[in-house]
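Hi everyone, thanks for making time this morning. I'd like to walk you through some side chains in one structure, so let me put it on the screen.

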Amino acid sequence: MTVPLDPGTIDSFFVYGTLCRGQCREKCWPHPPIAVVPAWVFGTLYDREDYPALTSGHDRVQGELWTFRPDQMRDVLEVIDVVEGTNQPGTSNLYDRLIVDVYGIEVLTQTEITPKERIAQAWGYHYSTPPEQDGFIRVQPQTGQRVRWPCEDLRPET
């Protein structure tokens with residue numbers, strides 16, 4: 001993970017599960033994105049029947065890069081932190097929000113990846129405890145596989 005000089009300049013999220021287009025929490029985003037593009041990060045993906053978990057690692061984990069207007073990022077961070085169970089007073093994190101390097105899908109199968117292939121630095125979420133302790137199973141890397149998780153709608157009430 002490379003930390004930008006000013007983390008306040010990050011206007012994107014990398015998502016890999018229930019927050020993706022067509023998934024059960026897609027409607028949780030408080031603002032429409034400027035753009036959503038297929039992308040991937042280095043990590044290790046885990047699964048169980050209700051939702052996925054990502055940790056650091058060397059696999060190429062596919063997902064989406066969601067970009068928002070800079071003036072909307074405060075709202076987006078607050079809402080998505082609630083959805084992902086992070087940074088909530090008085091509770092342990094389910095996921096930790098961090099900055100991830102994101103790569104374009106066109107270099108997914110490229111053998112060598114250099115920093116120039118990075119398309120963005122974005123906010124992402126890694127599972128905060130070892131996933132195996134919570135019944136997750138490691139997903140072996142496969143190209144193009146999409147999974148649907150049957151989860152509840154966690155949009156905050158307004």
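Let's start with Y103, which is buried, at a relative accessible area of 8%. Keep in mind that this is a predicted model.

What does Y103 pair with? Its partner is F42: the ring centres are 5.6 Å apart and the planes meet at 75 degrees, so we call this pair edge-to-face. F42 sits in strand β2 and Y103 in strand β4, 61 residues apart, so to speak of a link between distant parts of the chain is fair. Unlike buried Y103, F42 is partly exposed, with 32% relative accessible area.

Now have a look at Y51 and Y95. Their rings form a tilted pair, 6.4 Å from centre to centre with 55 degrees between the planes. Y51 is in the loop between β2 and β3, while Y95 belongs to strand β4, so this pair ties together parts 44 residues apart in sequence. Y51 is buried at 14% relative accessibility, and Y95 is buried at 4%.

Across the whole structure, the search turns up 14 aromatic pairs. There is also an aromatic cluster made up of F13, W29, W66, F68 and Y125. And a nice one for the charge fans: R97 places its charged end over the ring of W123, 4.8 Å from the ring centre.

Last stop, S12 in strand β1. Is S12 buried or exposed? Buried, with 3% relative accessibility. Its side chain makes a polar contact of 3.0 Å with the side chain of T67. Beyond its sequence neighbours within four places, S12 touches several residues, including L65, M73 and A122.

Definitions and conventions
Residues are numbered from 1 along each chain as its sequence is written. This is a predicted model: local features need pLDDT of at least 70, side-chain atom pairs count only at pLDDT 80 or more; totals for chains, interfaces and linings use all residues. Side-chain values use heavy atoms; hydrogens and water are left out. Helices (H or I, at least four residues) and strands (E, at least two) are DSSP runs, numbered from the N terminus. Buried means under 20% relative accessible area, exposed over 50%, partly exposed in between (1.4 Å probe, protein chains only). A polar contact is a pair of N or O atoms within 3.5 Å; within protein, one must be able to donate a hydrogen and the other to accept it, and residues adjacent in sequence count only if both atoms are side-chain atoms. Contact means heavy atoms within 4.5 Å. Rings of Phe, Tyr and Trp (its six-membered ring) pair if their centres lie within 6.5 Å; planes under 30 degrees apart count as stacked, over 60 as edge-to-face and the rest as tilted. A charge sits over a ring if NZ of Lys or CZ of Arg is within 6 Å of the ring centre and within 35 degrees of the ring normal.
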